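Student: Please take me through this model by way of questions and answers. I should like each answer to show its reasoning.

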Amino acid sequence: MSVTDAVKPEGRAAHPVRSRADYEDFLFNEAALLDEWRLDEWFALFAPGATYEVPTAGSAVDVQSDSALFYIADDYARLGHRVERLKKPAAHAEWPRSNCVRLVGNVRILGSDADGVQITSTFATYRSKHNVTDTYVGHTRYTIAEIDGELRIRAKRVLLGMNSLTPHGKISIIL
């Protein structure tokens, strides 16, 4: 779907679309906040009511969390709890925290509707801990809305471009 083909649900105007560079800068900033373990600032990028989902490896793009297994299917409140838990020593898998490097690329605007602007990007996340480096790759789909002049995430879905989580076997970081 091109930007000019934006969906406009009846009675609700589509969100205005900014430049690709604006969304790209936003996603670069999100990656930097996660790499620097600035989790509270990262969580502040989300709009109240937002979702964060990671379907199982190999899942279809449109799979729904109410009918399929997901590694992560957080609503806004659960995502806030995830952030708080990751900051505590009781989060054994991430205490001390891993070193991460995130690469974001191929940022594209898919369209706009009443919920926000649909953005997609590719990613590679490298997680190093205990002399082992795990690599996660895939695509991320966002719904981003401008709220009070600031871009905010309404939905983030991480689609792993892997057949399985082997050899790492888990996701203990935020992708």
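Student: What is the relative accessibility of Arg 38?

Tutor: Arg 38 counts as partly exposed, where buried means under 20% relative accessible area, exposed over 50% and partly exposed in between (1.4 Å probe, protein chains only). The model is predicted: local features need pLDDT of at least 70, side-chain atom pairs count only at pLDDT 80 or more, and totals for chains, interfaces and linings use all residues. Residues are numbered from 1 along each chain as its sequence is written, and side-chain values use heavy atoms, with hydrogens and water left out. For Arg 38 the relative accessibility is 34%.

Student: With which residue does Arg 38 form a salt bridge at 2.7 Å?

Tutor: A salt bridge requires a side-chain nitrogen of Lys or Arg within 4 Å of a carboxyl oxygen of Asp or Glu. The closest N and O atoms of the Arg 38 pair are 2.7 Å apart. The partner is also partly exposed, at 41% relative accessibility. The salt bridge of Arg 38 is therefore formed with Glu 41.

Student: How many residues apart are Lys 87 and Asp 40?

Tutor: Their side chains meet in a salt bridge of 2.8 Å, N to O. Lys 87 lies in the loop between H3 and E3, and Asp 40 in helix H2 (residues 39-43), so the pair links distant parts of the chain; helices (H or I, at least four residues) and strands (E, at least two) are DSSP runs, numbered from the N terminus. Lys 87 is partly exposed at 29% relative accessibility, as is Asp 40 at 44%. Along the chain, the two are 47 residues apart.

Student: Which residue of E5 stands opposite Arg 127?

Tutor: E4 and E5 pair in the antiparallel sense over 13 bridges, where two strands pair if DSSP finds at least two bridges between them. Arg 127 counts as buried, at 5% relative accessibility, and the residue opposite is likewise buried, at 10%. The two side chains also meet in a salt bridge (3.3 Å, N to O). The residue opposite Arg 127 in E5 is Asp 134.

Student: In what order do the six strands of the open sheet lie?

Tutor: The sheet has mixed pairing. One antiparallel pair is strand E5 (residues 132-147) with strand E6 (residues 150-160), over 10 bridges; another is E3 with E4, over 12 bridges. The order is E2-E1-E6-E5-E4-E3.

Student: Which are the edge strands?

Tutor: The sheet is open, and each edge strand pairs on one side only. From one strand to the next, the twist averages 20 degrees. The edge strands are E2 (70-74) and E3 (99-113).

Student: What angle does the direction of helix H1 make with that of E3?

Tutor: Helix H1 (residues 20-35) packs on the sheet, touching E3, E4, E5 and E6, with contact meaning heavy atoms within 4.5 Å. Axes are lines fitted to C-alpha atoms, for helices over the stretch in contact, and angles run from 0 to 180 degrees between N-to-C directions. The angle between H1 and E3 is about 150 degrees.

Student: Which residue of E4 stands opposite Leu 103?

Tutor: Leu 103 lies in strand E3 and is partly exposed, with a relative accessible area of 46%. E3 and E4 form a hairpin with two residues between them. E4 is mostly covered, as 11 of its 14 residues are buried. Opposite Leu 103 in E4 stands Ala 124.
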